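Student: I'm new to this one and would like a close look at a single part. Could you pick a stretch, walk me through it, and then show me how it sits in the rest?

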Amino acid sequence: MNAKQRTIKSELTISGVGLHTGTSVTLTIKPAPENHWFKFRRIDLDGQPVISVDADNVTDTSRGTTISENGASVSTIEHLMAALIGLQIDNVLIDLNGPEVPILDGSSTIFLQKLKEIGFVDQDADRDFYEIKENIHYVDGDRKVEIVGMPLDGYRLTCMIDFNSPVLGSQHASISQIEEFEKEISSSRTFCFLHELEALVNNNLIKGGDLSNAIVIVDKEVSTEELDKLQSLFNKKVTVADEGILDNIQLRYQNEPARHKLLDMIGDLALVGRPLKGHIMAARPGHAANVAFAKRIKNQIKRDKAKKKINTYDIHATPVYDTVQIMSILPHRQPFLMIDKILELSDTHVVGLKNVTMNEDLFMGHFPGMPIFPGVLRIEGMAQTGGILVLNTVPDPENWLTLFLKIESARFKNQVVPGDTIIYSCELMEPIRRGIARMKGVGMVGEKIVCEAELMAQIIKVK
């Protein structure tokens, strides 16, 4: 897989008809800078609104994937997205003068071949892979859909489809690496069942369909009258082939429907917004499930980023202040001294530590059968930690007291029990003025936030 991000060498223009709207449309794929990813620009609309390829922008998955942003939409994006992912392109801007990407032959192959003709340019930035580190699941029990992403140093995809159709049966498709997309998957065309085609025609939903860009699976007895009706609609004589499909086109692969479902999945997972590393296995996927799974990955990315922001501290290192030194600064004494160490201290932040033990007096009366460290005392420990920060601004802290003025946005997110070690961090939200400090405080046990609040305190001289 490419180590560097890449875009295309020059602009590429493709024209065609939207499958559902029947609108003639021209799109121009343009090179884009590093870390741009994929964006559409509706040049036919006032202000030329830009729509990012992002799972959070998906507004419809009924007959393809539609994204909307800034008052504009683009439909049926998945085949173009699959071509870009299959060629490991990272950054393009797609100008579009209509509401839908052209269907072309119903696959990705025309997009892919034209992109290859233009060629690619490696960029300086490394590819921003998201590497799946632990299994990510999506299940839709009603539709018997299941998708799982598993760790893998590469991009492997496996797809199974089963529509309970005697014609289609159960089919599988897979690629072991993304480089196989061009040869094995890109030319697989979209498909539908004859009863779906009739419903779409009756609801005026495939104005751009002409029976040359889709496989039509015949899952029922078809009368001569029905075939004649199709002939009049599409101006093409059709019969039912031995394979149980309309003979408008020949299958490119015996399992072409399964391969196309895999193609759709690759295109829809571009909505994550980054290239992926992992093995994706899917049973009976569709656009709605693909998008839901892309959102699961995005949520995991957010959680991973939050974990990276969590500072780690060596609780066994020599502290800035130990318990005895803390007592020389703060007036609190047991059982109301709520911090044991100060691990870090600067002009703008402080980090303190509290070991929660079962032999503390408070547990004799606070849920003795299920000891939980009280939320108000977590805030007190946070405030005492912040008090060290404020008292650090005066030369004789033992002669001053820190008093609460305000507590805002206090939240308690996880329980604290005996045996836990709370790490409190307080950071100034603005410079200290006239002895008054506003701080953002967070209490952590391991990687879990157990409390957070915004505190305002003032120091006053008492001696």
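Tutor: Let's start with one helix and its surroundings, then move out to some strands and the whole chain. Keep in mind that this is a predicted model.

Our part is helix α1, residues 78-86. How many of its residues are buried? The count is 9 of the 9, so α1 is largely enclosed by the rest of the structure. You can go along it by name: Glu-78, His-79, Leu-80, Met-81, Ala-82, Ala-83, Leu-84, Ile-85 and Gly-86 are buried. So what happens on the two faces of a helix? An α-helix has 3.6 residues a turn, so residues three or four places apart point the same way. In α1 the burial takes in every one of the 9 residues.

Now look at what comes just before and after. The loop between β8 (72-74) and α1 holds Thr-76. Thr-76 has a relative accessible area of 6%, so it counts as buried, the cut-off being under 20%. Its backbone is worth a glance too: phi of Thr-76 is near 55°, a positive value in a residue other than glycine. On the other side, α1 is followed by Gln-88, and the phi of Gln-88 is also positive, near 55°. Why point these out? Most residues other than glycine have a negative phi, and most peptide bonds are trans.

There's another spot of this kind at Trp-37, where phi is near 60°. Trp-37 is in the loop between β3 (24-31) and β4 (38-42), and with 9% relative accessibility it counts as buried. The peptide bond has an example as well: from Gln-334 to Pro-335 it is cis, with omega near 5°. You'll find Pro-335 in the loop between α8 (323-329) and β19.

That brings us to the strands. β19 (residues 341-345) runs antiparallel to β20 (residues 349-355), and 4 bridges join them. The hairpin that links the two passes through 3 residues, and Glu-344 sits opposite Val-351 of β20.

A second hairpin is made by β12 and β13, with 4 residues between them; in its turn, Lys-144 has a positive phi of about 55°. β12 covers residues 136-140 and β13 residues 145-150, and they pair antiparallel over 5 bridges. Within that pairing, His-137 stands opposite Val-148 in β13. Strand β13 has another partner: 5 bridges join it to β18 (residues 276-283), again antiparallel. There, Ile-147 has Ala-282 in β18 as its bridge partner.

For a sense of distance, take Thr-402 in strand β21 (residues 400-411). Thr-402 and Asp-140 lie 262 residues apart in sequence and 55 Å apart in space, C-alpha to C-alpha. Beyond its close sequence neighbours, Thr-402 is in contact with Gly-387, Leu-391, Ala-457, Gln-458 and Ile-459. Unlike the helix we began with, Thr-402 counts as partly exposed, at 27% relative accessibility.

Finally, step back to the whole chain. It has 9 helices and 24 strands, and 51% of its 463 residues count as buried. The C-alpha trace spans about 100 × 50 × 40 Å along its principal axes. The radius of gyration is 31 Å, whereas a compact globule of 463 residues would have one near 23 Å. Among contacts between residues at least 6 apart in sequence, 70% join residues at least 24 apart.

Key
Residues are numbered from 1 along each chain as its sequence is written. This is a predicted model: local features need pLDDT of at least 70, side-chain atom pairs count only at pLDDT 80 or more; totals for chains, interfaces and linings use all residues. Side-chain values use heavy atoms; hydrogens and water are left out. The radius of gyration is taken over C-alpha atoms; the globule rule is 2.2 Å times the number of residues to the power 0.38. Buried means under 20% relative accessible area, exposed over 50%, partly exposed in between (1.4 Å probe, protein chains only). Contact means heavy atoms within 4.5 Å. Two strands pair if DSSP finds at least two bridges between them.
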